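Thanks, everyone. I'll take the empty spaces, then the packing, then two single residues. Here is the structure.

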Amino acid sequence: MDINELTRKILDRRAKETDPLKIVQAGHPALRRRAVAARGRIDVELLLELAQAMTITMREAPGVGLAAPQVGLPLSFYVVEDGFASEPGEDEDDDLLERRPLALRALLDPVVEPLGTRKVFAFEGCLSVDGWQSIVPRSRRVRLRGTELLPGGALEEIDEEHEGWTARIFQHETDHLAGTLCHDLSVPRSFIDSAYGSHYGDLGEAVRRLGLTGEIADLAPGEVSIG
């Protein structure tokens, strides 16, 4: 089926335009396919409608990113937004993970390149593996290239650097476009029900209680990064 036809079909499953799309769960084949390029393949008006629907879906979930494969569409496209993050000095955990607010953005065909050797360990969840978390090591800094869909429908080439939690968000969503889930990359034995997350505020507790080994075991108390 043509990607425009499939997009239209997915959007039309909603009873009304303000309804969220269905987020597919692990096991759905769209999550394991390599997404097809979006630029020049999908009509801009349709892409704007898709972006709006995915934004509604992301916010209602709630989450900080949503990739097209997560709604059953193998298209290299995602939306991101982190309105839950705090400003410097407002939250100790956010400061530790360098988590800062991220305005709503919609990206086509993004490419993420790790910069430097420093890795940050943190629990991640995924809207397509609902209710579960695992510790995923990510590059602290990345270079992001791709095409941004602007609110009016214009397309703009981007080449940027990001760090901290924002870099993690872009890595997570870009992985979806290659058919990779965050838990595929996790520290072995770190997979937990989200309800237990509060028990592991310090990763040292996760190392001790879950029997984690490898680089993560070298973290000092209160540390999250190595390299």
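Start with enclosed space. Counting cavities of 30 Å³ or more gives one. This is a predicted model, so keep that in mind throughout. The largest cavity holds about 50 Å³ of space.

What lines the largest cavity? The residues are L97, V120, R138, S139, G164, W165 and R168. Two elements give two or more residues to that lining: β4, 132–149, and α4, 164–176. The top contributor is α4, with three residues. By class, the cavity lining splits into three nonpolar, two polar and two charged residues.

Now the open spaces. The largest pocket has a volume of about 1,000 Å³. Its lining has 39 residues, and the closest to the pocket centre are R99, F123, E124, Q133 and W165. Four elements supply two or more lining residues each: α3, at 92–96, along with β3, β4 and α4. The class breakdown for the largest pocket is 17 nonpolar, 12 polar and 10 charged.

Note W165. W165 is on the cavity lining, and W165 is also among the residues closest to the centre of the largest pocket.

Next, the second largest pocket. Its volume is about 210 Å³. The lining residues are L48, A51, Q52, T55, L104, R105, A106, E148, L149, L150 and P151. Here the elements giving two or more residues are α2, β3 and β4. The largest share is from α2, with four residues. Seven of the lining residues are nonpolar, two are polar and two are charged.

On to packing. In soluble globular proteins, nonpolar side chains tend to be buried together. Which residues touch the most other members of the largest nonpolar core? They are L73, L75 and F77, in a core of 27 residues. Elements with two or more residues in this core are α1 (3–11), α2 (44–60), β2 (77–82) and β3 (102–125). Again α2 stands out, giving the largest share of this core, eight residues.

Take F77 as an example. Beyond its neighbours within four places in sequence, F77 is in contact with L47, L50, A51, M54, A67, A68, A106, L107, L108, L149 and L177. Among these, A51, A106 and L149 also line the second largest pocket. Apart from the largest core there is another one, of 16 residues, including F123, Y200, L212 and I216. F123 we have met already, close to the centre of the largest pocket.

Two single residues to finish. First, D175, in helix α4. Is D175 buried or exposed? Its relative accessibility is 19%, and the cut-off for buried is under 20%, so D175 counts as buried. The D175 side chain makes a polar contact of 2.7 Å with the side chain of R138. Outside its neighbours within four places in sequence, D175 is in contact with R138, T180 and L185. R138, remember, lines the largest cavity.

Second, A154. A154 sits in the loop between β4 and β5, the latter at 155–163. With 43% relative accessibility, A154 counts as partly exposed. Leaving out neighbours within four places in sequence, A154 is in contact with E148 and L149. Both E148 and L149 line the second largest pocket. One distance to note: A154 and V44 are 110 residues apart in sequence, yet 8.4 Å apart in space, C-alpha to C-alpha.

That's the tour. Over to you for discussion.

Key
Residues are numbered from 1 along each chain as its sequence is written. This is a predicted model: local features need pLDDT of at least 70, side-chain atom pairs count only at pLDDT 80 or more; totals for chains, interfaces and linings use all residues. Side-chain values use heavy atoms; hydrogens and water are left out. On a 1 Å grid over the protein atoms alone, a cavity is a set of points where a 1.4 Å probe fits but cannot get out, and a pocket is an open set with protein on both sides within 12 Å along at least five of seven lines; lining residues have an atom within 4 Å of a point. Grid points are joined across faces, edges and corners, and a volume is the space filled by probe spheres set on the points. Ala, Val, Leu, Ile, Met, Phe, Trp, Tyr, Cys and Pro count as nonpolar, Asp, Glu, Lys and Arg as charged, and the others, Gly among them, as polar. Buried means under 20% relative accessible area, exposed over 50%, partly exposed in between (1.4 Å probe, protein chains only). A polar contact is a pair of N or O atoms within 3.5 Å; within protein, one must be able to donate a hydrogen and the other to accept it, and residues adjacent in sequence count only if both atoms are side-chain atoms. Contact means heavy atoms within 4.5 Å. A nonpolar core is a set of buried Ala, Val, Leu, Ile, Met, Phe, Trp, Tyr and Cys residues joined through side-chain atoms within 4.5 Å.
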